[in-house]
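Here are some short exercises to work through with the model open beside you. Try each task before you read its solution.

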Amino acid sequence: MEAVYVAVRLKSPDPEAVTALYTLKRTLPCSAPELLFRYDLWEFLMKPGEAGAVAGMITHFTDIVNPNRHVSFILPQGGSPPGEDDGLSWTGVLVWDRLDSRSRNWTSLLIRRGFPVEEARCGSLWRFGYPREARDIESLAMTAALSETRESGLLANPVSQEAVPWR
């Protein structure tokens, strides 16, 4: 199997990311980034030699990428989407739902339609932009993302979600 990652974001400002950024700045000022972006991240596990079919899949289904509302990028694992501010240091946190009917349904639909996919998963990729002088930004991002106490985290609930560094 070959994994292909597609990051999808809104063309307009993402209200969820804007709200999360302002909330982090108010509640966790020590861990809050300067900029925060959110992407739907699709992981397609393709049959050997079939990675090229992903472009056809995402253009076939406007529920994955609607060209009127979204911009999409094929990323290498751990890669950075284009358009991030070069004046900041960037890191990412990927959030997956533990029990994910959306991914199971998409996998089933893509297979029934004849696409050479083994599995499709959809999660959220949060990209954190910190000042260049910030240290240990991966740890700061995980503190800001993963809700472990009432005083930490905002973007992932460890009871029902898994949050991992995007590397």
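**Exercise 1.** Find the residues that Phe-128 touches, leaving out those up to four places away in sequence.

*Solution.* Contact here means heavy atoms within 4.5 Å. Start with Leu-24, Pro-33, Leu-35 and Leu-36, which Phe-128 touches. Next, add Ser-89, Trp-90, Thr-91 and Val-93. Finish with Ala-141, Ala-144, Ala-145 and Leu-155.

A note on the model: it is predicted, so local features need pLDDT of at least 70 and side-chain atom pairs count only at pLDDT 80 or more, while totals for chains, interfaces and linings use all residues. Residues are numbered from 1 along each chain as its sequence is written, and side-chain values use heavy atoms, with hydrogens and water left out.

**Exercise 2.** Decide whether Thr-91 is buried or exposed, and find its partners.

*Solution.* First, place Thr-91 in strand E4 (residues 88–97); strands are DSSP E runs of at least two residues, helices H or I runs of at least four, numbered from the N terminus. Thr-91 counts as buried because its relative accessibility is 9%, and buried means under 20% relative accessible area (1.4 Å probe, protein chains only). Not counting residues up to four places away in sequence, its contacts include Trp-126, Phe-128 and Ala-141.

**Exercise 3.** Describe the largest nonpolar core.

*Solution.* Such a core is a set of buried Ala, Val, Leu, Ile, Met, Phe, Trp, Tyr and Cys residues joined through side-chain atoms within 4.5 Å. The largest has 21 residues, and Phe-128 and Trp-126 are among those with the most contacts inside it. Helix H4 (137–145) is one of the elements giving two or more residues to this core, and H4 gives the most, with five.

Terms used: Buried < 20%, exposed > 50% of the residue type's maximum accessible area, 1.4 Å probe, protein only.
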